[in-house]
Amino acid sequence: MISTFDLFKIGIGPSSSHTVGPMVAARRFRDTVLARGGVARISAEIYGSLAWTGRGHGTDVAILLGLLGHAPATIDPDRTAPLADELRRTGDLGIPGVHFDTERDLVFNFKDILPLHTNGMRFRAYDAAGDAVEDQIFYSVGGGFVVTAAEAEAASAGEAGQEPPLAFGSGRELLDLTLRTGLTIPQIQLANELTLRSRADIDAGLDAVRDAMFACIERGLRMDGELPGGLRVRRRAKRLYESLEATKLANSRPAHEIMDWISLYALAVNEENASGGRVVTAPTNGAAGIVPAVLRYTRDFCPDWNDERGRDFLLTAAAIGGLIKARASISGAEVGCQGEVGSAAAMAAAGLTAALGGSAFQIENAAEIAMEHHLGMTCDPIAGLVQVPCIERNAFGANKAVVAASLSLRGDGQHRVSLDEVIETMRQTGHDMQAKYKETSLGGLAVNVAAC
Ligand code: SF4
């Protein structure tokens, strides 16, 4: 079972697979070393997409912070750079007997790819004689999820984890469950979550996710200036917000102005993500603006908002995100941007449809529409930074999600292409996509736009 709180993880930018995941992996390895003792040296080697776009995505900093024992959910985003700089200067990991020389011990391997996933990491620990005493491989498989080689092999062999009471492995099964039980999609997701935590904890957790999403929007609306990384991209959310506020009470305004508000919320989140701020994976960091933008749109512009509707939105979005992750991928490095922005749009469309009282069939339809019109979208971030095209792409994804929900709510839920078919199409398209379009910055916009 993929929990709502696995998909919506409060962390930091700019990338769930390249920042959050590596930090989690490095911290896990630190715990292993601390438990073991007798270690004189540690090394970390990153492969594939992590190496190719790791500098732009802050993978090196994330690994240093993880080795220092920090976690994405709790680290102060303003302290990440100073902490990494201090470690580079002192070599002090706080592990007795270990001096970490960043130049020597943190290796970007641009030649090799580990066998199970392009986002591979290998951590080794050596004793005083120079012999390796620990050797662990981790994969960052998207959305901040991290697995060891053994866990990845068990997953690909289909070894089952804990079975929730209302398990569903496809959109069809989910719809059948709603017919059989009379429950809504958010109620089914909630019933499954109850195997992991209490109702009070679930409600509090969902509200915390919502609050973190809205806080990210608020911060993004206030910040100005250039984003870090050298691409000289200027933040836009603040100026757009001021412009919208200035004309808010004008007598004559175009109806499509609502799209600017939806775009604004997404831009605010993704500008925060690009600057390493506090964001929520939804389902990834690169696509972190879409679900919050549509959730905020629901709160501010749709009727009858209340906390319960917000929770239904998130539970429904998680049910759809879990299906996509299980049946295809939410990783840009695996299937391109269709798996990140496309998945987020499908989740947001489903969430909005649920919050507006749509049926299970309309929710499934909304998710399908949103995903269908992201098929084939490549991942080609310029300079390996999660800025262009990522930030604007979230604004489009959020608007498409609203269009998908609206089209679905105007229908009866009956439609020609099923969500399962479109997820499978996304998986196959991602499989066939050339590697240069999968978060390597070796193709597309990344090679056709000057990065200086
Ligand atoms: S292009 Fe899409 S998948 Fe690639 S880093 Fe940007 S948001 Fe993520």
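In this predicted model, helix α14 meets helix α19 through Ile290, Ala293, Val294 and Tyr297 on the α14 side and Asn394, Gly397, Ala398, Ala401 and Val402 on the α19 side. Sorted by class, that contact comes out as seven nonpolar residues, two polar ones and no charged ones. As for the geometry, α14 (residues 290–301) and α19 (residues 390–409) pack with their axes 8 Å apart, at an angle of about 50 degrees. An angle of that size is neither under 35 degrees nor in the 65 to 115 range, so α14 counts as oblique to α19. The crossing of the two helices is right-handed.

Taken by itself, α14 runs for twelve residues, and from first C-alpha to last it reaches 16 Å, close to the 16 Å expected at 1.5 Å a residue. Most of this helix is covered, with nine of the twelve residues buried. The buried set is Ile290, Val291, Pro292, Ala293, Val294, Leu295, Arg296, Tyr297 and Thr298. And what does the covering of these buried residues include? Besides α19, the list takes in α11 (199–222), α13 (257–274), α15 (307–327) and α17 (341–355).

One of those covering helices, α15, also packs with α10. Here the axes of α10 (residues 185–193) and α15 come within 8 Å and cross at roughly 80 degrees, which makes α10 roughly perpendicular to α15. On the α10 side the contact is made by Ile185, Pro186, Gln189, Leu190 and Glu193, and these meet Asp312, Leu315, Thr316, Ala318 and Ala319 of α15. The tally by class is six nonpolar, two polar and two charged residues. Charged residues thus turn up where α10 meets α15, whereas the contact of α14 with α19 has none.

Back towards the N terminus sits helix α5, which covers residues 59–67. Is α5 mostly covered or mostly open? Mostly covered, it turns out, as eight of its nine residues are buried. Those eight are Thr59, Asp60, Ala62, Ile63, Leu64, Leu65, Gly66 and Leu67. Just past the end of α5 comes Gly69, whose phi is positive, at about 100 degrees.

Note on methods:
Residues are numbered from 1 along each chain as its sequence is written. This is a predicted model: local features need pLDDT of at least 70, side-chain atom pairs count only at pLDDT 80 or more; totals for chains, interfaces and linings use all residues. Side-chain values use heavy atoms; hydrogens and water are left out. Axes are lines fitted to C-alpha atoms, for helices over the stretch in contact, and angles run from 0 to 180 degrees between N-to-C directions. Helices (H or I, at least four residues) and strands (E, at least two) are DSSP runs, numbered from the N terminus. Angles under 35 degrees count as roughly parallel, over 145 as roughly antiparallel, 65 to 115 as roughly perpendicular and the rest as oblique. A crossing is left-handed if the near helix is turned anticlockwise from the far one by less than a right angle, and right-handed if clockwise. Contact means heavy atoms within 4.5 Å. Ala, Val, Leu, Ile, Met, Phe, Trp, Tyr, Cys and Pro count as nonpolar, Asp, Glu, Lys and Arg as charged, and the others, Gly among them, as polar. The expected span of a helix is 1.5 Å times one less than its number of residues. Buried means under 20% relative accessible area, exposed over 50%, partly exposed in between (1.4 Å probe, protein chains only).
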